[in-house]
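User: I am new to this structure and would like to learn how its features are read. Please take me through them one at a time, with the general idea before each case.

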Amino acid sequence: MDQPTAPVPPPGCPAHQAGGRVPLHGMEFAADPQAYYSYLRHFGPTAPVELAPGVEATLITDYAVALQLLQDSGAFRKDARRWRDLNEGRVPPDSPVAPLLSYRPNAMFSDGAEHLRLRQAITDSMARVDTRKLSRTTEQVSNYLISQFGSRGSADLLGDYAKQLPLFVFNELFGCTADIGDRVVFGITGMFDGVNAEQAVGVMFGAIGELVALKRAKPGDDVPSWLMEHQSKLTDEELVHQIALLLVAGNEPLRNLIGNTLHRLLTHDAYADQGGLIDEAIDDTLWENPPMQNLAPHYPAADMEFAGQKLHAGDLLLVSFAAANTGPALTAARKAGSNRAHLAWSAGPHACPSKEPARQITVTAIENLLNKLPDVGLAVPSESLTWRPGPFNRGLTVLPAKFTPVQIAHRPAPARKEAPLRQEPTATGGRGERGGVWSQFLNWLTR
């Protein structure tokens with residue numbers, strides 16, 4: 001297997017490992033994934049990888065082949081109940097990647113007419129989000145978060161800002177009361193940080209179940225209420241799973257997009273000399289350092305040959321958005337001006353349904369931060385920054401920054417009639433007694 005002319009990621013040729021599969025887990029991969037993608041391209045457009053100990057997959061690294069897979073819903077299916085290795089007991093039950101890949105009754109894991117029905121409910125409901133209100137909410141949340149660390153003159157822009165802002169904005173969009181919002185924040189944070197993940201997921205689904213009950217009894221101007229009104233007539237169970245999908249899929253990639261774009265702005269001097277630096281930095285980040293680097297699980301519907309490789313029905317295939325975006329074949333196209341032809345939002349029938357709101361939140365969050373902290377800069381050498389391990393996400397562990405201390409007024413001006421909306425009791429009668437971060441934000445609004 002030795003290929004001395006091929007790029008070899010540290011700490012040595014990964015193909016020497018059992019089964020010749022390249023591991024996409026561990027600190028070595030997190031430190032330099034592009035070195036791994038360069039190596040993987042030597043296998044051709046697809047490559048054998050290991051997502052976690054004992055979990056095998058085929059990774060698509062070529063842009064054209066990835067696009068072919070994403071657009072062919074006849075040959076490739078999304079229903080994870082087809083996953084052969086899981087069905088035949090080859091995936092460890094406690095595998096850290098199983099929760100993200102295992103089947104749930106939502107639009108991400110459905111095919112055909114069922115997928116169309118669930119996705120239509122999501123896209124129609126998300127289309128009702130008022131863009132002006134979204135910008136106001138994002139700015140309001142941004143001001144609150146900056147008020148928590150602004151007077152210190154230093155912050156972790158990931159933990160103190162990028163990680164929390166999407167959670168708060170989505171809590172507002174989804175009409176979460178104080179108590180429900182606190183538990184949604186706890187659940188999503190625990191699930192992705194791997195701290196008591198099973199318990200965290202249970203807390204999140206319990207909170208979303210209460211949210212559905214609350215909105216059935218008292219609909220509002222929010223995404224869950226719009227989902228309930230939709231002609232697709234979602235059941236309560238379907239509502240819980242679509243809301244969970246939107247909250248989870250909306251928060252984790254958005255956290256990484258804000259963090260990765262801030263990282264790019266703080267480590268590349270070129271943006272300071274350009275107009276429209278935030279839009280440019282977001283596009284460059286989506287191309288070169290996308291928030292979800294490998295995902296879009298698919299399963300062949302039958303035994304087949306694809307991109308020169310024999311595949312069996314139920315094999316797990318993943319798309320490497322990061323490798324496809326940075327492949328040599330795309331360099332010329334990108335230079336020619338196709339700056340949004342990247343695959344960071346996926347493509348085909350399962351492409352991200354919320355990319356416009358996600359981009360708007362990111363632009364507003366970064367713009368407001370830079371306006372409030374105009375001299376913000378990295379507080380540590382850029383080479384000392386570390387990235388979270390794992391095959392799916394691409395995000396920093398911390399982003400320490402320093403700036404001239406500022407004071408942010410408790411209440412944003414002008415005060416909005418609709419703020420705060422979320423102090424009603426929950427379906428079980430609570431009023432946010434837990435005193436979590438969402439409750440603290442709502443209290444701040446009313447000071």
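User: At what angle do α6 and α13 pack?

Analyst: Helix α6 (residues 112-126) and α13 pack at an angle of about 60°, and their axes lie 12 Å apart. Helices are DSSP runs of H or I with at least four residues, numbered from the N terminus; axes are lines fitted to C-alpha atoms over the stretch in contact, and angles run from 0 to 180 degrees between N-to-C directions. The model is predicted: local features need pLDDT of at least 70 and side-chain atom pairs 80 or more, while totals for chains, interfaces and linings use all residues. Residues are numbered from 1 along each chain as its sequence is written, and side-chain values use heavy atoms, without hydrogens and water.

User: How are α6 and α13 oriented to each other, and which residues meet?

Analyst: The two helices α6 and α13 are therefore oblique to each other (neither under 35 degrees, roughly parallel, nor over 145, roughly antiparallel, nor 65 to 115, roughly perpendicular). Their crossing is right-handed, with the near helix turned clockwise from the far one by less than a right angle. E114, R117, L118, I122 and M126 of α6 meet E238, Q242, L245 and L246 of α13, where contact means heavy atoms within 4.5 Å. By class, five of these residues are nonpolar, one is polar and three are charged (Ala, Val, Leu, Ile, Met, Phe, Trp, Tyr, Cys and Pro are nonpolar, Asp, Glu, Lys and Arg charged, the others, Gly among them, polar).

User: Helix α17 is next. How do α7 and α17 cross?

Analyst: Helix α7 (residues 131-149) and helix α17 (residues 355-372) have axes that come within 9 Å and cross at roughly 40°. They are therefore oblique, and the crossing is right-handed. On the α7 side, the residues in contact include T131, L134, S135 and F149, and on the α17 side they include P357, Q360, I361 and K372. Seven nonpolar, eight polar and two charged residues make up this contact.

User: At what angle do α14 and α17 cross?

Analyst: The axes of α14 and α17 come within 10 Å and cross at roughly 125°. This pair is therefore oblique as well, and α14 passes α17 in a right-handed crossing. I278, D279, I282, D283 and L286 in α14 meet R359, T362, V363, I366, E367 and L370 in α17. The contact holds six nonpolar, one polar and four charged residues.

User: How is empty space found, and how many cavities of 30 Å³ or more are there?

Analyst: Rolling a probe the size of a water molecule over the atoms shows where empty space is left. On a 1 Å grid over the protein atoms alone, a cavity is a set of points where a 1.4 Å probe fits but cannot get out; a pocket is an open set with protein on both sides within 12 Å along at least five of seven lines, and lining residues have an atom within 4 Å of a point. There are three cavities of 30 Å³ or more. The largest cavity has a volume of about 80 Å³, the space filled by probe spheres set on points joined across faces, edges and corners. K163, P166, L167, I188, T189, F192, N251, E252 and R255 line the largest cavity. Helices α9 (165-173), α10 (178-193) and α13 each give two or more residues to that lining, which comprises four nonpolar, two polar and three charged residues.

User: Which residues lie nearest the centre of the second largest pocket?

Analyst: Q34, E288, N289, W387 and R394 lie nearest its centre, among 17 lining residues. The second largest pocket holds about 230 Å³ of space. Helices α2 (33-40), α13 (236-267) and α14 (277-288) each supply at least two residues of its lining. Six of the lining residues are nonpolar, seven polar and four charged.
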